[in-house]
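Welcome! Take a moment to turn the structure around before reading on. The tour below starts from one residue and then widens to both chains.

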Amino acid sequence: MRKLVLLIVVIAIAVVVYEGARRNSHSRGGHLGAVDSPAPQFSLQDLDGKPLALASYQGKVVLLNFWATWCTPCRGEIPQFVDFQNTLGPQGLQLIGISMDDDAKPVHEFYQQFKMNYPVAIGNANLAESYGGVLGLPVTFLIGRDGRIAAKYIGATDLTALQQKIQSLLQAK
Amino acid sequence: MRSFLLLLLAITLVQAPGIAHTQSSAASDLPPGSSQLINPEDLLSLLQSGQENKPLVLNVGPSILYMQAHIPGAEYIGATAGKQSLERLRTRVKSLPRNQSIVLYCGCCPWSRCPNVRPAYNELHAMGFTNVKVLYIADNFGADWVDKGYPTIKGQ
């Protein structure tokens, strides 16, 4: 009887492990852009043509937001992100926006209209894939001072929870 | 005062068709479960079936998403919230028979917030197409297609 129970437990564990592996094999990008992994480096130009490299914000907490001007949930988040940059920037937070728009013109207009106070670059498929794929918007990553991805938010974010997470990361040495 | 009220009433009546038009435009939303929609699993079955007359699948979302992953065989039109892509859609389908089976999809955003599928659907409807379905993507293409292990290819 004991052996039977043990056998059932072993089979159950095997099924759980197999199912987990199967799901992971289907998930896009594998471990790319996963929480606790090093944030993939990138080097782009911002809307003003200035270099925008993740490496230049080493030691800061970085909020990396993939968004687009036509994305309604994204538009709802931007004013709060502007506020985060204002209030938490002096404590070491840096926001970076990666626009997934096809055309830069509306991004420039949006940037002015929403008085965005952090760098924005036009993204590309390679960058998106390096972060595990951005196949829906918005997607937001929080990168800790150690350069590792601390959190990933898909879809509209609970901004209160996000702010709490940012503050805990800012307090970390 | 009475004249003013009559004038106000007249203006309201004249404006009424316009108001009704705006509301019907908003009501052209495609609610989940409606007959114009097709679910991902049903589209997949259709595409993988041996059926000869498979639908023409058109991607009406942004190019960066299409470049990362799209349904095999789907043609890129672009985000039809914009005029240029709507024009591209018109050009692509104008010579097709009006009973051509067409499936539109985007997947950029949660269903109720997608700015692209409704303009594309409305355009095809206005052009007289009678066999148009929209792929119902509840959350986004990543969650509702890619993460289910359904086939994709990348690039243009």
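Leaving aside its neighbours within four places in sequence, which residues is B:Glu75 in contact with? They are B:Leu58 and B:Asn59. Bear in mind throughout that this is a predicted model.

**A starting point in chain B**

B:Glu75 sits in strand E3 of chain B, which covers residues 75-76. Is B:Glu75 buried or exposed? The answer lies in between: B:Glu75 has 14 other C-beta atoms within 10 Å, so B:Glu75 counts as partly exposed. A residue would need 20 or more such atoms to be called buried, and 12 or fewer to be called exposed. B:Leu96 is 21 residues away from B:Glu75 along the chain, and the C-alpha atoms of the two are separated by 15 Å.

**The two chains at a glance**

Here is how the chains are built.

| Chain | Helices and strands | Order of elements |
|---|---|---|
| Chain A | five helices, seven strands | α-β-β-β-α-β-α-β-α-β-β-α |
| Chain B | six helices, five strands | α-β-α-β-α-β-α-β-α-β-α |

Chain A has 173 residues, and 34% of them are buried. In chain B, 35% of the 156 residues count as buried. The contacts tell us about the reach of each chain along its sequence. Taking contacts in chain A with a separation of 6 or more, 70% are between residues 24 or more positions apart. For chain B, 68% of the contacts between residues at least 6 apart join residues at least 24 apart.

**The sheet of chain A**

Now look at chain A, where five strands form an open sheet in the order E5-E4-E3-E6-E7, with mixed pairing. At the edges are strand E5 (120-122) and strand E7 (149-154) of chain A, each of which pairs on one side only. On average, neighbouring strands of the sheet are turned by 15° against each other, direction ignored.

Both kinds of pairing can be followed by eye. Strand E4 of chain A (residues 93-99) runs parallel to E5(A), and three bridges join them. Here A:Gly97 stands opposite A:Val120 in E5(A). Towards the other edge, E6(A) and E7(A) are antiparallel and pair over five bridges. In this pair A:Phe141 stands opposite A:Lys152 of E7(A). The hairpin of E6(A) and E7(A) has five residues between its strands, and A:Gly147 takes a positive phi there, near 85°.

A helix also packs on the sheet: helix H5 of chain A (residues 159-171). H5 touches strand E3 (61-67), E4, strand E6 (139-143) and E7 of chain A, and the direction of H5 makes about 150° with that of E3(A).

**The nonpolar core**

In soluble globular proteins, nonpolar side chains tend to be buried together. The largest nonpolar core of this model has 78 residues, and those touching the most other members are A:Leu63, A:Leu137, A:Ile143, B:Val60 and B:Leu104. E3(A) supplies the largest share of this core, six residues. A:Ile143 is worth a closer look. Not counting residues up to four places away in sequence, A:Ile143 touches A:Ala39, A:Val61, A:Val62, A:Leu64, A:Arg148, A:Ile149 and A:Ala150.

**A helix of chain B**

Helix H5 of chain B spans residues 117-126, and its buried residues are B:Val117, B:Arg118, B:Pro119, B:Ala120, B:Tyr121 and B:Leu124. These buried residues pack against helix H4 (83-93), strand E4 (102-105) and strand E5 (132-135) of chain B. After H5(B) comes B:Gly128, which has a positive phi near 100°.

**Where the chains meet**

How many residues of chain B are in contact with chain A? There are 24 of them, in contact with 20 residues of chain A. Helix H3 (63-68) and helix H6 (141-144) of chain B are the elements that each give two or more residues to this side of chain B. The largest share, five residues, comes from H3(B). By type, the side of chain B that touches chain A divides into 14 nonpolar, seven polar and three charged residues.

**How confident is the prediction?**

The model scores ipTM 0.75 and pTM 0.79. Chain B has a mean pLDDT of 84, with 82% of its residues at 70 or more. Over residues 7-28 of chain B, however, the pLDDT is below 50, and this stretch has two contacts in the model beyond near neighbours in sequence. Where pLDDT is low, the predicted coordinates should not be read in detail.

Notes. Residues numbered from 1 in each chain as written. Chains lettered and ligands numbered in written order. Predicted model: local features only at pLDDT ≥ 70, side-chain atom pairs only at ≥ 80, totals over all residues. Contact = placed C-beta atoms within 7 Å. Helix = DSSP H or I, 4+ residues; strand = E, 2+ residues; numbered from the N terminus. Nonpolar A, V, L, I, M, F, W, Y, C, P; charged D, E, K, R; others polar. Pairing = 2+ DSSP bridges. Axes fitted to C-alpha atoms, helices over the stretch in contact; angles between N-to-C directions. Core = buried A, V, L, I, M, F, W, Y, C linked by C-beta atoms within 7 Å. pLDDT = per-residue confidence, 0-100.
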